[in-house]
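Got your viewer open and a selection box ready? Load the model below and follow along, one stop at a time.

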Amino acid sequence: MRIALVHPPLVHKQGNIWRGVAGVMPPLGLAWIAAVLEEDGHDVQIFDAPPEGLDEQGCVDALRSRSEAGWDIVGISATTRQFSSALRIAQMCREAFSGVEIVLGGVHASARPDEALACDAIDLVVRGEGEMTFREIAAGHAREEIDGVSYRDGGETIHTADRELISDLDTIPRPAYHLLPMSGYRSAVGAAKQSPSMSMLATRGCVGSCNFCYRIFGRTMRYRHGVAIAEEVRYLHETYGIREISFYDDTFTTIRNEVLAFCAKLREWDLPVTWSCFGRIDSVNEELLTAMAEAGCHQILYGVESGSDQQLAAMGKTTPRQRVKE
């Protein structure tokens, strides 16, 4: 099948500080889905609007120009901030391509599938992790037989059972970086010591119980093995010249043994790559921090949230402020 995967534009209002501060991150969810679909023999392209400088009309024009035969499926992934733009692109695709199936996924659609399906242009919503769900959609499975989707049936909205999370992340292929405009990505200002830079993900899920978090990947911590992460960093460096990685996992430091294995490989290969990550105060110790520093880590962003133990307890944060000071 001919499948287009679209990451809508990010619009910053004039004067918004993020126009000059924010990074441009690759849509790794779409890149993982694309890798799985290519593995199954499908013809896949990714249209990443932010680094390509595409507005909504530009996305549709690009879809039209890059496939004379049109598309069988257009998949769009959007955060809450991109949701309205995604719906407009879906409507424009409905008018531009006859017979196309339009699928919407991402955080907002997962949380609010009924809201997504209120748009007539959307045929199907993918909830949660998309790799295996999209594989079954592309294979032509009946909708009612696919876990993790929502759709309309007459005047009724149908939600199939939630899909079981992928337990072993090393079973899915490396993201399809070759389908992305790799020269267009960069870390946020202050997050990188070197360039070119881009972001990666090593885990899914979080062991925390913070009551303000949606937890789209659940509370079970799933991780890629440290050596596999290091191999991907080496691939990005050798293939695309990447010199800085910003890990955007909620809590990169939680699985200490895998972080130590990752650091050991970076030191063994002596890669000239620096990196940063997000971490939990209660998941680091001197051994881990030393290994990370020696392997090129120069910045850790901790979710401190508050300087009040009372407020921390109210949020479901378990780390006391004294530990934060240490």
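Start by selecting strand 6 and residues 156-159, which are strand 7: in this predicted model, the two strands pair in the antiparallel sense over 4 bridges. Show side chains and you'll find tyrosine 151 standing opposite isoleucine 158 of strand 7. Now zoom in on the turn. Strands 6 and 7 make a hairpin with 2 residues between them, and glycine 154, sitting in that turn, has a positive phi of about 70 degrees.

Next, add residues 124-126, which are strand 5. This strand is joined to strand 6 (residues 149-153) by 3 bridges, and the two run antiparallel. Pick valine 126 and look across to strand 6: valine 149 stands opposite.

Now for the parallel sheet. Select strands 8, 11, 12 and 13: they form an open sheet of 4 strands in the order 8-11-12-13, with parallel pairing. Which strands stand at the edges? Strand 8 (197-200) and strand 13 (297-302) do; each has a single partner strand, so one side of each is left without a neighbour in the sheet. Tilt the view and you can see the twist, as neighbouring strands are turned by 20 degrees against each other on average, ignoring direction.

Stay in the sheet and colour strand 12 (residues 274-279). Strand 11 runs parallel to strand 12, joined by 3 bridges. For a landmark, label serine 246 and its bridge partner in strand 12, serine 276.

Bring in the helices that pack here. Residues 226-240 are helix 9, which packs on the sheet and touches strand 8 and strand 11; the direction of helix 9 makes about 155 degrees with that of strand 8. Then show residues 286-294, helix 11, which also packs on the sheet, touching strand 12 and strand 13. Against strand 13, the direction of helix 11 makes about 135 degrees.

From strand 11 (244-247), follow the chain into the loop that leads to helix 10 (256-269), and stop at threonine 253. Is threonine 253 buried or exposed? Its relative accessibility is 0%, so threonine 253 counts as buried. Draw a distance from the side chain of threonine 253 to the backbone nitrogen of arginine 280, and you should read 3.4 Å. Leaving out residues up to four places away in sequence, threonine 253 has contacts that include Val259, Cys277, Phe278, Ser283, Leu288 and Met292.

Time to look inside. The largest nonpolar core has 57 residues, and Leu5, Val233, Ile245, Phe247, Phe262 and Trp275 touch the most other members. Highlight residues 28-39 too: this is helix 2, which gives the most to this core, with 8 residues. Then centre on leucine 5; residues up to four places away in sequence aside, its contacts include Leu30, Ile33, Ala34, Val44, Ile46, Phe47 and Phe134. Apart from this core lies another, of 31 residues, with Val6, Ala86, Ile89 and Cys119 among them.

Finally, zoom out to the whole protein, with its 13 helices and 13 strands. The radius of gyration is 20 Å, close to the 20 Å that the globule rule gives for 326 residues, so the protein is as compact as a globular protein of that length. Its C-alpha atoms fill a box of roughly 60 × 45 × 45 Å along the principal axes. Colour by burial, and the buried residues make up 49% of the 326.

How values were computed:
Residues numbered from 1 in each chain as written. Predicted model: local features only at pLDDT ≥ 70, side-chain atom pairs only at ≥ 80, totals over all residues. Heavy atoms only, no water. Core = buried A, V, L, I, M, F, W, Y, C linked by side-chain atoms within 4.5 Å. Buried < 20%, exposed > 50% of the residue type's maximum accessible area, 1.4 Å probe, protein only. Contact = heavy atoms within 4.5 Å. Polar contact = N/O pair within 3.5 Å; in protein donor to acceptor, adjacent residues only side chain to side chain. Pairing = 2+ DSSP bridges. Axes fitted to C-alpha atoms, helices over the stretch in contact; angles between N-to-C directions. Rg over C-alpha atoms; globule rule 2.2 N^0.38 Å.
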